[in-house]
Amino acid sequence: MDLFGAIWLNPSPSPIPGVTVEPLFLLSNVVNALVLIVCALNAHRIMSHPRRTAVPWVAGVAMCISTLCMALPSTMLADTPAGAQFAAVAALCGAALSGAGLATIILLWSEFYAALPMRQVALYYSSSFILATVIHFLIVALTPETALIATALLPLISAACFVASMNMIKLQQSDADDAKRNEANAIAEALDNDSAQRWSFPVRPMLLMAAYSFTMNFCRTTGGVVNDLTMLGVAFAALFVLIFALFFFERFDVRYLFRIALPLMVAGALLQPFLEGGGLLVTGIMLNMSHASFVILTMIVLSTICSRYGVLAIWLFGLTRAARVLASVVGSYLGTTAWVTLDAQGIMLVTSVVVIVLVAFSMFLLNETDLETTWGITPLKTRHETATYRESLAGRCAQIARMHGLTLREEEILALLAQGKSTPRIQQELCISNGTTKSHIRHIYTKLDVHSRDEVIALVNAAGD
């Protein structure tokens, strides 16, 4: 969902006479951010709209048309003044349309990921990064005409994949037995009620995501290597997550990504001014790997928050993604300005300041404890304080988890235990082994100083009194 956007939003040589790539890049990103913000602020209305099935196809068609519009000058050559003017207008309209279409597709996929367990989020999202990297290299190897067709078809393919994925979830629910179907209906009803809940502004994830995106794009435009091979860093980060999600998920901790992302970004940014040739390529790979690691980390954590606490995915992902897009634009602009106006020492000084700010943001805005909670996002009191059972249960379990030092996984299992679910059912829902489930339950019992499931339920119920 993220890397497909690079095909439309990354700068490339512009074939339009009198129109450089910077206005197209800026326009597309600004429209993208505005649509994300507008959708986020109207998330409750969007979620309650009765007819949303056509949105994926509309967004896919819009991006397909925008791709063709921006490529129009290269196919028509725009030799005449009238043709050049028409091509310029078409390109600008295409850039705006691509930004709006990409924002819509991003928000659609965020809803899908927010409905998945943590392991599936890690599996699907990392796989999408690897697939997108492979597609990127394949498109680069094609002829310009074939590459244009392939690029224009990608949004439609993404829309089809989204529709198929949502249909698969519905099919799984329809094939469930009566008990599972009743539970699914109860969860759906709870989610509808949860949509009325308001949450505090996600300041910390927004600022930290903006800091990483700003640093990444600043470094790319201050002498770094911007070519296809640096995309390998994205594939390396995704492959790391995919291997752990497939074979070592029981020992997988999202904090590993946080520990990887910051050192890689700092090292890549500080080494870049001193290197050239192959060294610059290595730093480019490091920067991409760092940024991709943090993006995957953010997706996993925010999806878990949406799934467990009923936070609207459109609202949370819309705001954080908008901050990321705007920070990327500002970082690219300031990086380009520094590259043109400053000497080597000046660039090194400015880069050092950027790195110091990133480290400071990482220290004060996020710690490893935040990755096991709601990252500072708290529910706000509404005028009608009619919390649903699911909402109140999640709140009580979160409170108990903080008081007794439960991990994110243990808090997740605690909520399932409090619902009276059996060990095999917990194992099935979380996609973990029977032994791992029993081990987590033992740890929960020890930390809570209880000895049975009934005592767990009583403790959780008492927390709400």
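**Exercise 1. Describe how Trp109 and Tyr113 are placed in helix α5, and classify their rings.**

Step 1: Trp109 and Tyr113 share helix α5 (residues 81-114), where they sit four residues apart, about one turn of the helix. Helices here are DSSP runs of H or I with at least four residues, while strands are runs of E with at least two; both are numbered from the N terminus. This is a predicted model, in which local features need pLDDT of at least 70, side-chain atom pairs count only at pLDDT 80 or more, and totals for chains, interfaces and linings use all residues. Residues are numbered from 1 along each chain as its sequence is written, and side-chain values use heavy atoms, with hydrogens and water left out.

Step 2: Recall the rule. Rings of Phe, Tyr and Trp (its six-membered ring) pair if their centres lie within 6.5 Å; planes under 30 degrees apart are stacked, over 60 edge-to-face, and the rest tilted. The count comes to 13 aromatic pairs.

Step 3: Apply the rule. The ring centres of Trp109 and Tyr113 are 6.2 Å apart and the planes meet at 40 degrees, so this pair is tilted.

Step 4: Check burial. Buried means under 20% relative accessible area, exposed over 50%, and partly exposed in between (1.4 Å probe, protein chains only). Trp109 has 11% relative accessibility and counts as buried. Tyr113, at 4%, is buried too.

**Exercise 2. Classify the ring pair of Tyr212 and Phe294, then place Phe294 in its surroundings.**

Step 1: The centres of the Tyr212 and Phe294 rings lie 4.1 Å apart, with planes at 5 degrees, so the pair is stacked.

Step 2: Locate the partners. Tyr212 is in helix α9 (residues 203-220) and Phe294 in helix α12 (residues 278-309), so the pair links distant parts of the chain, 82 residues apart. Both residues are buried.

Step 3: List contacts (heavy atoms within 4.5 Å). Leaving aside neighbours within four places in sequence, Phe294 touches Leu208, Met209, Tyr212, Ala261, Leu366 and Trp375.

Step 4: Find the core. A nonpolar core is a set of buried Ala, Val, Leu, Ile, Met, Phe, Trp, Tyr and Cys residues joined through side-chain atoms within 4.5 Å. The largest one has 104 residues, and Phe294, Ile300, Trp315 and Leu414 touch the most other members. Helix α12 gives this core its largest share, 13 residues.

**Exercise 3. Find the salt bridge and say which parts of the chain it ties together.**

Step 1: A salt bridge is a side-chain nitrogen of Lys or Arg within 4 Å of a carboxyl oxygen of Asp or Glu. The structure holds one.

Step 2: Name the partners. The side chains of Lys447 and Glu410 meet at 2.8 Å, N to O.

Step 3: Lys447 lies in helix α18 (residues 434-448) and Glu410 in helix α16 (residues 408-418), so the bridge ties together parts 37 residues apart in sequence.

Step 4: Lys447 is partly exposed at 33% relative accessibility. Glu410 is buried at 4%.

**Exercise 4. Describe Gly233 and Ile243 in helix α10: is each buried or partly exposed?**

Step 1: Gly233 lies in helix α10. Its relative accessibility is 0%, so Gly233 counts as buried.

Step 2: Look across the chain. The C-alpha atoms of Gly233 and Met289 are separated by 4.1 Å, though these residues are 56 apart along the chain. Not counting residues up to four places away in sequence, Gly233 touches Ile285, Asn288 and Met289.

Step 3: Ile243 is also found in helix α10 (residues 232-247). At 36% relative accessibility, Ile243 counts as partly exposed.
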